[in-house]
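Q: Can you walk me through this protein model? I'd like to start with the basics and then look at some residues.

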Amino acid sequence: MNVAMPGAAGGKSALISEPADIVVFGGSGDLSKRKLLPALYSAELEGRMPPEGRIIAVSRAKQTDESFVAIAEQSIFTDAKLKRDEETWARFSARLGYTPLDATDGFSYKGLADRLSSAPDRIRVFYLATAPDLFGVIADNLASNKLITPQTRLVVEKPLGHDLASSQAINAELGKFFDESQIYRIDHYLGKEAVQNLMALRFANSMFEPLWNRNFIDHVQITVAETVGVGGRWAYYDKSGALRDMIQNHMLQLLTLVAMEPPISLAAQAVRDEKLKVLKSLHHIKGTEIGQYTVRGQYRSGAVDGQPVPGYLEEKDAKGASDNETFVAIKTGIDNWRWSGVPFYLRTGKRLTERCSEIAIEFTRPPHLLYAREAGSIEPNVLVIRVQPNESVKLLLLNKEPGPGDLRLKQTALNLSFADTFGHIPDAYERLLLDVIRGRQTLFMSRAEVEEAWRWTDNIINGWREYPQPIRPYPAGGWGPASALALIERDGRSWRDDLN
């Protein structure tokens, strides 16, 4: 493929020289308007898009090209508030088109087929921003209408099923029509700069690798906290819950990048192989361990940012009583040579104190506390990778406070702020969409990864059924139920609640 590659020293990804048509199923929906269109416009603004190619939205709504362009204009400049450059907008809007299509009706694909037939040799990206139960139907109809070419890529959004069996069924359906090399299972967390930087931090710096093991790391915490509730998405979320919505995909992917062995190269298969080994080594929580190693919670009414908010069962679109979890905390481990005995603590929840995703690697304390008498308790060194917002890397170290008199040690941070150091940080979807066009699968999940993650998650889901765990209430605006504190504190450790 004739593709301009990024510079070796961190240069920006250059123009893609091979034309590409991007077809978004569900193109007038929320994901398209909030994320995909702004990301593609940003790529155009930065000169990274192919010189030729179209962005075609398809959905059941009766719209014209002109009406879709107006929707895109509002989404990009009014809602996303991106910089307006008239020359760029003229170039970008000329790419946009709309074709009405019923995804379940094979005959309605004729309009799309006619539109794509004018450039049969272009790269074709089919982005399925639809419900997962349509994935197989759409793939079948694309094949029936002869729209799949050797240059076709298929992008599918999570959730890929609701358990292992349904995930395997979806993957099997897609596999009938697409080769595995053509399928891009997107997890936008993998496109975030701080997540990509985690591999560089580990494998491009010699100081960390000798310490990256059970001898020097006490434990790892991964937190994905949200201040928002589920208002407007209650019906969907009540069938999903925090475990399926966040831990099975986003958080397990973060865990694999922390724990993986160095790959033999940055090729997609090499990286995926190492991530898969981690997932296969995860300690499966079964039986009575469910009550010991997991906590489920559900938010009640409270206050977030000083404003009163309703509880989960009081949301406007709530359907009544529910024991669905909006918060999960889990203690697990990795049963291999490098990580044996090192606990990994995961927690995620809605309506928490602040919006934050971060990974904290806490190192062991010095073997001999030389300063204990003079300075009191010694805080551990902690490496903190902030994924969002305000992407950063902090290394918390102990330093002597200046001044005469008694020796005083203070934990202080060596702080790398991505925004301050590098300026503009591209949105995750921008990077991932461009990687799809380029045919790079490194930042996308393989079928084996998805299914292994579901295999681990299913054990917890089944354990909750067999050994029911009460839903612990927690007030909106806090850090979850008290049981989550007990989960880590009985090990003599604490959550990092000071996430600033």
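A: Sure. Helices and strands here are DSSP runs, with at least four residues for a helix and at least two for a strand, numbered from the N terminus. Keep in mind that this is a predicted model.

Q: OK, how many helices and strands does the protein have?
A: The secondary structure comes to 15 helices and 17 strands.

Q: And what is its radius of gyration, next to that of a compact globule?
A: The protein has 24 Å. A compact globule with 500 residues would have a value near 23 Å, so the two agree. The C-alpha atoms fill a box of roughly 80 × 55 × 45 Å along the principal axes.

Q: What share of the residues is buried?
A: Buried residues make up 53% of the 500. As for the outside, the accessible surface comes to about 21900 Å², and 52% of that belongs to carbon and sulfur atoms.

Q: What about charges, how many positive and negative side chains are there?
A: There are 60 positive and 63 negative side chains, and the centres of the two sets lie 1 Å apart.

Q: Back to the inside. Which residues have the most contacts in the largest nonpolar core?
A: Phe25, Leu112, Ile361 and Leu383, in a core of 136 residues. Helix α8, residues 234-259, gives the most to this core, with 13 residues. In soluble globular proteins, nonpolar side chains tend to be buried together.

Q: What is Phe25 in contact with?
A: Leaving aside neighbours within four places in sequence, the contacts of Phe25 include Val58, Leu101, Tyr109, Leu112, Phe126 and Ile138.

Q: You mentioned α8. Is Ser240, which sits in that helix, buried or exposed?
A: Ser240 has 8% relative accessibility, so it counts as buried; the cut-off is under 20%. Beyond four places in sequence, Ser240 is in contact with Asp245, Asn324 and Glu325.

Q: Different helix now: how many residues of α13 are buried?
A: 10 of its 11 residues, so α13 is mostly covered. Charged residues such as Glu430, Asp435 and Arg438 are among the buried ones.

Q: What covers them?
A: The cover includes β1, α1, β4, β5 and β6.

Q: And where is Ser446?
A: Ser446 is in the loop between α13 and α14. At 10% relative accessibility, Ser446 counts as buried. Ser446 is in contact with Glu180, Arg185 and Arg272, leaving aside neighbours within four places in sequence.

Q: What does Glu46 touch?
A: Glu46 touches His424 and Glu430, not counting residues up to four places away in sequence. Glu46 is in the loop between α1 and β2, and at 26% relative accessibility it counts as partly exposed.

Q: Now the backbone. Where are cis peptide bonds found?
A: One joins Lys158 and Pro159, with omega about 5°. Another joins Gln388 and Pro389, with omega about -20°. Pro159 lies in the loop between β5 and α6, while Pro389 is in the loop between β14 and β15.

Q: Which residues have a positive phi although they are not glycine?
A: Asp305 has a positive phi of about 55°, and Arg351 has one of about 55° as well. Asp305 lies in the loop between β9 and β10, and Arg351 is in the loop between β12 and β13.

Q: Are those two buried or exposed?
A: Asp305 is exposed, with a relative accessible area of 68%, whereas Arg351 is buried, at 13%.

How values were computed. Residues are numbered from 1 along each chain as its sequence is written. This is a predicted model: local features need pLDDT of at least 70, side-chain atom pairs count only at pLDDT 80 or more; totals for chains, interfaces and linings use all residues. Side-chain values use heavy atoms; hydrogens and water are left out. The radius of gyration is taken over C-alpha atoms; the globule rule is 2.2 Å times the number of residues to the power 0.38. Buried means under 20% relative accessible area, exposed over 50%, partly exposed in between (1.4 Å probe, protein chains only). Accessible areas come from the Shrake-Rupley method with a 1.4 Å probe; for residues, only the protein chains shown count as cover. The place of a charge is taken as NZ of Lys, CZ of Arg, CG of Asp or CD of Glu. Contact means heavy atoms within 4.5 Å. A nonpolar core is a set of buried Ala, Val, Leu, Ile, Met, Phe, Trp, Tyr and Cys residues joined through side-chain atoms within 4.5 Å.
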